Amino acid sequence: PALPLWTFLSARLGKRTAYIIAMVSWAVMQVGFFFVGPGQVNLGIALAAIAGLGVAAAHVIPDAMIPDVVDVDELQTGKRNEGVYYGAKNLFRKATGAFAIFAALQVLGWTGYTPPVAGEVTPQPAAALLAIRLLTGPAGAVLLVGAILVAWRYPLTKARHSEVRAELEARRTTS
């Protein structure tokens with residue numbers, strides 16, 4: 001159900017606005033994860049389901065913005081560089097994902113996290129449990145606020161993209 005929602009909102013409000021709405025809703029849910037306690041499985045599942053709406057937008061809307069950026073780049077340079085943009089996006093996505101995993105594992109190690117033994121419940125120290133709650137809650141929300149701030153400054157509106165497309169079409173018909 002998430003993709004039709006974001007497609008509709010992107011068409012209605014613009015990609016930037018739809019993305020910001022999605023990231024705000026996801027950030028709020030991330031903060032909510034901090035307050036999920038032992039045994040509150042249903043609350044965790046509900047928060048995850050709602051956060052999933054934002055996750056879907058985070059994967060789809062930036063990819064939908066790249067063709068708009070490629071159009072602006074073509075207008076400025078006369079060349080289409082889709083491969084460069086998609087390649088850079090994928091490189092940054094993989095690099096930041098790897099860094100996030102590395103950082104989270106370091107934090108867990110510093111707080112005394114004990115890897116589980118197969119088939120057993122492994123008790124964790126209070127510091128490790130707090131670290132897990134902070135990493136899955138507020139830390140993620142802070143990163144999402146960063147994404148919101150970047151999107152807020154994104155200058156390519158629906159109207160400006162329409163102008164760019166018209167200019168490109170005019171250029172193509174005269175050449």
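In this predicted model, the largest pocket comes out at a volume of about 1400 Å³. Its lining takes in 33 residues, and the ones closest to the pocket centre are Tyr19, Arg93, Thr96, Leu144 and Ala147. As for chemistry, the lining of this pocket splits into 25 nonpolar residues, six polar ones and just two that are charged.

Who builds the wall? Several helices chip in: α2 (15–34), α3 (41–77), α4 (82–110), α5 (126–136) and α6 (138–152) each put at least two residues into the lining of the largest pocket. The largest share belongs to α4, with 12 residues of that lining.

That makes α4 worth a look on its own. Counting 1.5 Å for each residue, a helix with the 29 residues of α4 should span 42 Å, and the C-alpha atoms at its ends do sit 42 Å apart, so the expected and modelled spans agree. After α4 comes glycine 112, which has a positive phi, near 85°.

Then there is the packing of α3, another contributor to the pocket lining, against helix α1, which covers residues 2–13. Two packed helices are described by the angle between their axes and by how far apart those axes lie. For α1 and α3, the angle is about 60° and the axes are 9 Å apart. Roughly perpendicular would need 65 to 115 degrees and roughly parallel an angle under 35, so α1 and α3 count as oblique to each other. As for handedness, the crossing in which α1 passes α3 is right-handed.

Definitions and conventions. Residues numbered from 1 in each chain as written. Predicted model: local features only at pLDDT ≥ 70, side-chain atom pairs only at ≥ 80, totals over all residues. Heavy atoms only, no water. 1 Å grid on protein atoms, 1.4 Å probe; cavity = no way out; pocket = protein on both sides within 12 Å on 5 of 7 lines; lining within 4 Å. Points joined across faces, edges and corners; volume = space filled by probe spheres on them. Helix = DSSP H or I, 4+ residues; strand = E, 2+ residues; numbered from the N terminus. Nonpolar A, V, L, I, M, F, W, Y, C, P; charged D, E, K, R; others polar. Expected span 1.5 Å × (residues − 1). Axes fitted to C-alpha atoms, helices over the stretch in contact; angles between N-to-C directions. Parallel < 35°, antiparallel > 145°, perpendicular 65-115°, else oblique. Left-handed = near helix turned anticlockwise from the far one by under 90°.
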